[in-house]
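Work through the following exercises with the sequence and the coordinates open side by side. Each task is followed by a solution that goes step by step.

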Amino acid sequence: MTQSLGMRATSVAASAVFIGLAVFAAFSVTISLQTQGADSPFVIPVFQEAAPEAPPPIARPQAPPPTAPAQETDMAVADPPPQTETTTDVVFDFGPPVGPTEITNPRWLRRPQSLASYYPRRALARDISGLVVLDCLVDTNGALNCAVVAETPTNWGFGEAALRIAQDHRMVPAMRDGQAVQGRYRMRVPFELD
């Protein structure tokens, strides 16, 4: 307990010394700035900000004065007045589109000739047809980097085969302002037996 009181007393004394030195330094700087003349090389310009303008008053609609309740014995309720809808068209311009450009009509530079070589062997042996939908990111060189979005039927190897087919395709890249940019293309790859 005595040791704890001693540590607290030392801490309080050190804090008091530190605060005292900080106050002394602040007064010294203030006094030295006030005593420097105009011909001193260490003049620090002081700028005062203008007081901010008061915001304009907010116009609030006035509530109609309260009216005395009608002394009618008829309990009929009046229909509320018809309300009119007011619409305002707001157009936002966010600049050029961000992200890959959607490619809807690709121009192919290279396509694989024999798609039969890509057909999954196990599905071919059982006469199973399939369909794969790929979501492809087309780089500025026209190469496709695809991911399988849908595969029917699953677990027959159609997805992997479609990815191999997509790797062997090349297309003209999307263009924006005369420059090749990344594009996005949705590719359907049907696997059908003749």
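**Exercise 1. Locate His 169, decide whether His 169 is buried or exposed, and list its contacts.**

Step 1. His 169 sits in the loop that links α3 to β5 (170-171), where helices (H or I, at least four residues) and strands (E, at least two) are DSSP runs numbered from the N terminus. The model is a predicted one, in which local features need pLDDT of at least 70 and side-chain atom pairs count only at pLDDT 80 or more, whereas totals for chains, interfaces and linings use all residues. Residues are numbered from 1 along each chain as its sequence is written, and side-chain values use heavy atoms, with hydrogens and water left out.

Step 2. His 169 counts as buried because its relative accessibility is 5%; buried means under 20% relative accessible area, exposed over 50%, and partly exposed in between (1.4 Å probe, protein chains only).

Step 3. The side chain of His 169 reaches the backbone oxygen of Ile 165 at 2.8 Å. Leaving aside neighbours within four places in sequence, His 169 is in contact (heavy atoms within 4.5 Å) with Trp 108, Arg 110, Arg 111, Pro 112, Gly 142, Leu 144 and Met 187.

**Exercise 2. Describe how β3 pairs with β4 and with β8.**

Step 1. Two strands pair if DSSP finds at least two bridges between them. Strand β3 (residues 130-138) runs antiparallel to strand β4 (residues 144-152), and eight bridges join them; in this pairing Val 133 stands opposite Ala 150, while Val 138 has Leu 144 as its bridge partner.

Step 2. The hairpin of β3 and β4 has five residues between the strands, and in this hairpin Gly 142 takes a positive phi near 95 degrees.

Step 3. With strand β8 (residues 183-191), β3 pairs in the antiparallel sense over nine bridges, and Gly 130 stands opposite Phe 191 there.

**Exercise 3. Identify which elements supply the largest nonpolar core, and then examine the largest pocket.**

Step 1. A nonpolar core is a set of buried Ala, Val, Leu, Ile, Met, Phe, Trp, Tyr and Cys residues joined through side-chain atoms within 4.5 Å. The largest one has 24 residues, of which Val 132, Leu 134, Leu 144, Phe 158, Met 187, Val 189 and Phe 191 touch the most other members. β3, β4, α3 (158-167) and β8 each supply at least two residues of this core, and α3 gives the most, with five residues.

Step 2. Not counting residues up to four places away in sequence, Val 189 touches Gly 130, Leu 131, Val 132, Leu 134, Ala 162 and Ile 165.

Step 3. The largest pocket has a volume of about 370 Å³. On a 1 Å grid over the protein atoms alone, a pocket is an open set of points where a 1.4 Å probe fits, with protein on both sides within 12 Å along at least five of seven lines, and lining residues have an atom within 4 Å of a point; the volume is the space filled by probe spheres set on the points, which are joined across faces, edges and corners. Of its 18 lining residues, Leu 115, Ala 116, Ile 165, Val 189 and Pro 190 are the closest to the centre of the pocket, and the largest share of the lining, six residues, comes from β8.

**Exercise 4. Find the cis peptide bond that precedes Pro 153.**

Solution. The bond from Thr 152 to Pro 153 is cis, with omega near -15 degrees, and Pro 153 has its place in the loop between β4 and α3.

Note on methods:
Polar contact = N/O pair within 3.5 Å; in protein donor to acceptor, adjacent residues only side chain to side chain.
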